[in-house]
Amino acid sequence: MENTYPDGDNFICPDCAYEWPQIAAKGEDSEQVVRDVNGNVLQGGDSVVVIKDLKVKGSSIPLKQGTVIRNIRLVDGDAEHIEGNSDKIKGLVLKVCFLKKA
């Protein structure tokens, strides 16, 4: 409708009082872009390096700075997390703000 307006993360129709997220309005064709801490684009299968020591939930072994995570997998619908395995810890889900492309 012509009276629809954006409000925060949603579009609002004042005629019918319906609200929907702006992300859904962009369409299904838009692909997510996952970037590391330096702004480099990450893709599935890339290798990344941990930039700071991280505590790992459920493990007594910390993930040390400089640890390489090989063959990463991107999380569908989430541009802030990746999945991968280190040499010692399997099944990691990591935030990209602590990673740089190797």
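Ala, Val, Leu, Ile, Met, Phe, Trp, Tyr, Cys and Pro count here as nonpolar, Asp, Glu, Lys and Arg as charged, and the others, Gly among them, as polar. The legends below describe close-up views of a predicted model.

**View 1. The largest pocket and its lining.** The largest pocket has a volume of about 220 Å³. Its lining comprises 7 nonpolar, 1 polar and 4 charged residues. One stretch of the lining is Leu54, Lys55, Val56 and Lys57. Another is Ile89, Lys90, Gly91, Leu92, Val93, Leu94 and Lys95. Phe98 also lines the pocket. Because Gly counts as polar, Gly91 belongs to the polar class, and the lining has 1 such residue.

**View 2. Lys57 and Leu92 across the pocket lining.** Both Lys57 and Leu92 line the largest pocket. Lys57 sits in the loop between E6 and E7. Its relative accessible area is 84%, so Lys57 is exposed. Along the chain, Lys57 and Leu92 are 35 residues apart. Their C-alpha atoms are separated by 9.6 Å.

**View 3. The open sheet E1-E2-E3.** Here 3 strands form an open sheet, in the order E1-E2-E3, with antiparallel pairing. E1 (5-7) and E3 stand at the edges. Each has a single partner strand, so one side of each lacks a neighbour in the sheet. From one strand to the next, the twist averages 35°. E2 and E3 are joined by 4 bridges and run antiparallel. Cys13 stands opposite Tyr18 in E3.

**View 4. Ala17, in the loop between E2 and E3.** Ala17 lies in the loop between strand E2 (10-13) and strand E3 (18-21). Its phi is near 65°, a positive value in a residue other than glycine. Ala17 has 63% relative accessibility and therefore counts as exposed.

**View 5. Asn71, a positive phi within strand E7.** Asn71 is placed in strand E7 (residues 68-74). Although Asn71 is not a glycine, its phi is positive, at about 55°. Asn71 has 52% relative accessibility, so this residue counts as exposed. Asn71 is also one of the residues in contact with Asp46.

**View 6. Asp46 and its surroundings.** Asp46 is found in the loop between strand E5 (41-42) and strand E6 (48-50). At 16% relative accessibility, Asp46 counts as buried. Neighbours within four places in sequence are left aside in the contact list that follows. Asp46 is in contact with Val41, Ile69, Arg70, Asn71, Ile72 and Lys101.

**View 7. The hairpin of E7 and E8.** E7 and E8 pair in the antiparallel sense, over 3 bridges. Leu74 has Ile82 in E8 as its bridge partner. The hairpin has 6 residues between the strands. In this hairpin, Gly77 takes a positive phi near 75°.

**View 8. The two faces of strand E8.** In a regular strand, side chains alternate between the two faces of the sheet. The covered face of E8 carries Ile82 and Gly84. The uncovered face carries His81, Glu83 and Asn85. Ile82, on the covered face, is the bridge partner of Leu74. Gly84, also on the covered face, has Leu92 in E9 as its bridge partner.

**View 9. The hairpin of E8 and E9.** E8 and E9 pair in the antiparallel sense, over 4 bridges. There are 6 residues between the strands of this hairpin. Gly91 takes a positive phi near 75° in the hairpin. Gly91 and Leu92 both line the largest pocket.

**View 10. Ser86 and its contacts.** Ser86 lies in the loop between strand E8 (81-85) and strand E9 (92-95). Its relative accessible area is 5%, so Ser86 is buried. Residues up to four places away in sequence are not counted among the contacts given here. Ser86 touches Leu63, Thr67, Val68, Ile69 and Leu92. Ile69 is also among the contacts of Asp46. Leu92 is the bridge partner of Gly84.

**View 11. Ser86 and Asn3.** Ser86 and Asn3 are 83 residues apart in sequence. Their C-alpha to C-alpha distance is 52 Å.

Conventions
Residues are numbered from 1 along each chain as its sequence is written. This is a predicted model: local features need pLDDT of at least 70, side-chain atom pairs count only at pLDDT 80 or more; totals for chains, interfaces and linings use all residues. Side-chain values use heavy atoms; hydrogens and water are left out. On a 1 Å grid over the protein atoms alone, a cavity is a set of points where a 1.4 Å probe fits but cannot get out, and a pocket is an open set with protein on both sides within 12 Å along at least five of seven lines; lining residues have an atom within 4 Å of a point. Grid points are joined across faces, edges and corners, and a volume is the space filled by probe spheres set on the points. Buried means under 20% relative accessible area, exposed over 50%, partly exposed in between (1.4 Å probe, protein chains only). Two strands pair if DSSP finds at least two bridges between them. Axes are lines fitted to C-alpha atoms, for helices over the stretch in contact, and angles run from 0 to 180 degrees between N-to-C directions. Contact means heavy atoms within 4.5 Å.
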